[in-house]
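Thanks for coming, everyone. Let me put the model on the screen, and then I'll walk you through it.

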Amino acid sequence: MHEQKIGIIMNGVTGRMGLNQHLIRSILAIRKQGGVPTRDGTVLMPDPVLVGRNEDKLRSIATAHGLSRWSTNLRECLDNRSDTVYFDAQTTGLREACVTEAIEAGKHVYCEKPLATSTQAALALAALADRVGVKHGVVQDKLFLPGIRKLRRLIDAKFFGRILSIRCEFGYWVFEGDWQTAQRPSWNFRKEDDGGIILDMFCHWRYVLDNVFGPVRAVSCSGAINVPERVDENRRPYTCTADDTAYATFELEGGIVAQFNSSWTFRVYRDELFSMQIDGTEGSAIAGLRECRVQHRVNTPRPTWNPDIPNPFRFREQWQDVPDNLEFENAFKIQWEMFLRHVAAGEPFPHTFRDGARGVQLAELGLESWQQRRWIDIPELES
């Protein structure tokens with residue numbers, strides 16, 4: 001078998017997501033397994049160079065994982081013709097300029113969401129990449145989670161009949177940073193640093209809804225800043241200017257109504273941090289990050305409203321698990337392998353910058369709906 005090395009410039013690996021999901025659990029995991037096989041027998045071996053602004057952090061990460069290549073000079077990395085792929089997991093506000101520079105240097109680009117801070121900027125990146133002739137992709141990891149893959153299996157099997165509604169609860173309590181360290185960086189809660197749960201999570205909800213259930217046609221959203229002050233990484237208090245909670249209703253093609261509550265100020269009383277219930281004429285399902293449970297119409301109990309007696313039903317016990325039936329790998333790793341095959345072997349990769357632009361569009365319209373307190377239709381993106 002022939003091994004083909006693919007140099008990857010990885011910008012933003014000092015952050016939690018870039019380090020854990022993309023470097024350790026994806027790129028290093030791919031190297032450990034011996035690369036990515038393609039249809040013609042070639043094995044693609046990623047060769048990362050770590051890029052960022054903090055020299056000490058980069059050196060420490062590289063040393064810890066046996067890597068020799070790291071740099072604080074992005075321009076030098078982009079000038080190296082041996083590195084053909086650029087990956088970006090920086091904060092959103094830094095992404096547009098660096099992705100633009102990478103495209104103009106002729107690099108294929110794969111990056112985290114949100115692709116940009118505005119729909120027009122995201123579309124401009126897509127147009128530039130197409131004009132230069134480089135391949136491009138955006139992370140859409142939720143599509144590759146075990147719970148969502150089981151859910152798609154049910155849809156393909158016509159389990160639900162006609163889908164009527166979707167209800168999703170997502171989130172957890174992010175500590176304020178005073179008496180316990182926050183689980184998310186402080187910029188997430190500052191609008192001036194492109195923070196906010198609407199911009200962060202609506203990009204996810206757009207590709208999940210579009211790809212699993214059908215195109216999103218309209219949005220009604222109300223947001224909130226429930227915790228007005230937090231303490232940052234340097235123990236300094238700061239004012240929260242970005243939304244930490246969003247209550248949204250989406251109207252999908254075919255009349256499906258989807259209600260999504262997203263918050264960093266919810267305490268969890270459910271099996272997983274993400275829980276989505278789908279109800280249809282023939283059956284219902286509860287999908288999480290990993291698990292999926294179902295109840296068919298023939299197994300549906302017959303409750304009646306009577307608050308004067310103890311509830312006789314054990315509702316949770318009346319749902320059945322959807323079996324794994326296969327081994328599920330890390331969702332980020334699966335998509336990385338797809339993109340590397342796309343770059344080196346021309347295999348299809350559907351999750352392009354235009355999909356990233358659709359996610360930003362939904363976030364922008366969600367914020368507009370909140371501001372104007374009204375439903376907003378979602379137009380088709382420009383070509």
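I'll take empty spaces, strands, salt bridges and aromatic rings in turn.

A word on the ground rules. This is a predicted model, where local features need pLDDT of at least 70, side-chain atom pairs count only at pLDDT 80 or more, and totals for chains, interfaces and linings use all residues. Residues are numbered from 1 along each chain as its sequence is written, and side-chain values use heavy atoms, with hydrogens and water left out.

Empty space to begin with. The search runs on a 1 Å grid over the protein atoms alone. A cavity is a set of points where a 1.4 Å probe fits but cannot get out. A pocket is an open set with protein on both sides within 12 Å along at least five of seven lines. Lining residues have an atom within 4 Å of a point. Grid points are joined across faces, edges and corners, and a volume is the space filled by probe spheres set on the points.

Look at the second largest pocket. Its volume is about 570 Å³. The lining holds 22 residues, and those nearest the centre are Arg 270, Ser 275, Gln 277, Ile 286 and Arg 316. Five strands each give two or more residues to that lining: E8 (163–171), E12 (245–252), E13 (257–263), E14 (274–280) and E15 (283–287). Strands here are DSSP runs (E, at least two residues), helices likewise (H or I, at least four), numbered from the N terminus. By character, the pocket lining splits into eight nonpolar, six polar and eight charged residues. For that split, Ala, Val, Leu, Ile, Met, Phe, Trp, Tyr, Cys and Pro are nonpolar, Asp, Glu, Lys and Arg are charged, and the others, Gly among them, are polar.

Now the enclosed space. How many cavities of 30 Å³ or more does the whole structure hold? The search finds one. The largest cavity has a volume of about 40 Å³. Its lining includes Lys 113, Cys 203, Tyr 207 and Asp 355. Helices H7 (197–212) and H9 (353–372) each supply at least two lining residues. H9 gives the most, three. The cavity lining comes out as four nonpolar, three polar and two charged.

Back to the strands that help line the pocket. Two strands pair if DSSP finds at least two bridges between them. E13 has E8 as a parallel partner, through seven bridges. E12 is joined to E13 by seven bridges too, but antiparallel. Val 257 in E13 shows both contacts: Ser 165 stands opposite Val 257, and so does Glu 251. E12 and E13 form a hairpin with four residues between them. In that turn, Gly 254 has a positive phi of about 95 degrees.

On to charge. The structure holds 26 salt bridges, each a side-chain nitrogen of Lys or Arg within 4 Å of a carboxyl oxygen of Asp or Glu. Take Lys 142 and Asp 141: the closest N and O atoms are 3.1 Å apart. Are these two buried or exposed? Lys 142 is buried at 15% relative accessibility, and Asp 141 is buried at 5%. The cut-offs are under 20% relative accessible area for buried, over 50% for exposed, and partly exposed in between (1.4 Å probe, protein chains only).

Next, Glu 329 and Lys 333, with closest N and O atoms 2.6 Å apart. Glu 329 is partly exposed at 36%, whereas Lys 333 is buried at 4%. There is also a network: salt bridges with shared partners connect Asp 271, Arg 293, Arg 316 and Asp 321. Within it, Asp 321 and Arg 293 come to 3.0 Å between closest N and O atoms.

Last, the rings. There are 15 aromatic pairs. Rings of Phe, Tyr and Trp (its six-membered ring) pair if their centres lie within 6.5 Å; planes under 30 degrees apart are stacked, over 60 edge-to-face, the rest tilted. Tyr 110 and Phe 339 have centres 4.8 Å apart and planes at 20 degrees, so they are stacked. Tyr 110 sits in strand E6 and Phe 339 in helix H8, so this pair ties together parts 229 residues apart in sequence. Both Tyr 110 and Phe 339 are buried. Phe 175 and Trp 179 are edge-to-face, 5.7 Å centre to centre with 90 degrees between the planes. Trp 179 is exposed at 63%. Finally, ring pairs link Phe 170, Phe 202, Trp 205, Phe 250, Phe 260 and Phe 274 into a cluster.
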